[in-house]
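Please open the structure in your viewer and keep the sequence panel beside it, so that each stop on this tour can be selected in turn.

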Amino acid sequence: KQWYQRRVRGTVLPERWSSHCQFCFNVCRAPLPCLQCPDVVFCSVECLEKDFVHRFECGYTSELQSLPKMVYLALRTSLTFHRDILLHSQKKETSAEYTQLTNLITNFPLRSPIDILRRT
């Protein structure tokens, strides 16, 4: 039986920061750079304003480029799901998205031994 889960979070790989929108991941035909750093681009003002995560990354892009890809994805995922805490929100309830993230099903039993070794 095949199943899938909705994508929770993705990221643009550092080698594509200058060609793909940091928020929606689309290829930028007329890239709009971040106003604070020259390393990332957005496809529109709307995406620039919506990108919550980059405001915490801005200024640290050279350090982020050296992180392993899965570590960088984990960082962006954590920033995305902890935005209320990061913005000093008084909201006490847990968001549905955060609950979804913490209840993800692992695919470890489905992975081959070679794949496990390759990714360790």
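A nonpolar surface patch, in the sense used here, is made of residues with over 30% relative accessible area and no salt bridge, whose nonpolar side chains are joined within 5 Å. Please keep in mind throughout that this is a predicted model.

With that definition at hand, begin by selecting L67, V71 and L75, which together make a nonpolar surface patch of about 200 Å². Now keep L75 alone in the selection, and you will find this residue in helix α4, which covers residues 69-81. L75 counts as partly exposed, because its relative accessibility is 33% and the partly exposed class lies between the 20% and 50% limits.

For the next stop, select P38, which sits in the loop between β1 (32-33) and β2 (41-42). Is P38 buried or exposed? Its relative accessible area is 72%, so P38 is exposed. If you add G59 to the selection, you can see that the C-alpha atoms of P38 and G59 are separated by 9.5 Å, although the two residues are 21 residues apart along the chain.

Finally, select Q22, which is placed in the segment before β1. Q22 has a relative accessible area of 0% and is therefore buried. Which residues surround it in contact, leaving aside neighbours within four places in sequence? Q22 is in contact with V12, W17, V40, V41, F42, D51, E57, Y72 and R76. Within this list, pick out Y72, whose side chain makes a polar contact with the side chain of Q22 at 3.4 Å.

Definitions and conventions
Residues are numbered from 1 along each chain as its sequence is written. This is a predicted model: local features need pLDDT of at least 70, side-chain atom pairs count only at pLDDT 80 or more; totals for chains, interfaces and linings use all residues. Side-chain values use heavy atoms; hydrogens and water are left out. Patches are made of residues with over 30% relative accessible area and no salt bridge: like charges are joined within 9 Å, nonpolar side chains (Val, Leu, Ile, Met, Phe, Trp, Tyr) within 5 Å. Accessible areas come from the Shrake-Rupley method with a 1.4 Å probe; for residues, only the protein chains shown count as cover. A salt bridge is a side-chain nitrogen of Lys or Arg within 4 Å of a carboxyl oxygen of Asp or Glu. Helices (H or I, at least four residues) and strands (E, at least two) are DSSP runs, numbered from the N terminus. Buried means under 20% relative accessible area, exposed over 50%, partly exposed in between (1.4 Å probe, protein chains only). A polar contact is a pair of N or O atoms within 3.5 Å; within protein, one must be able to donate a hydrogen and the other to accept it, and residues adjacent in sequence count only if both atoms are side-chain atoms. Contact means heavy atoms within 4.5 Å.
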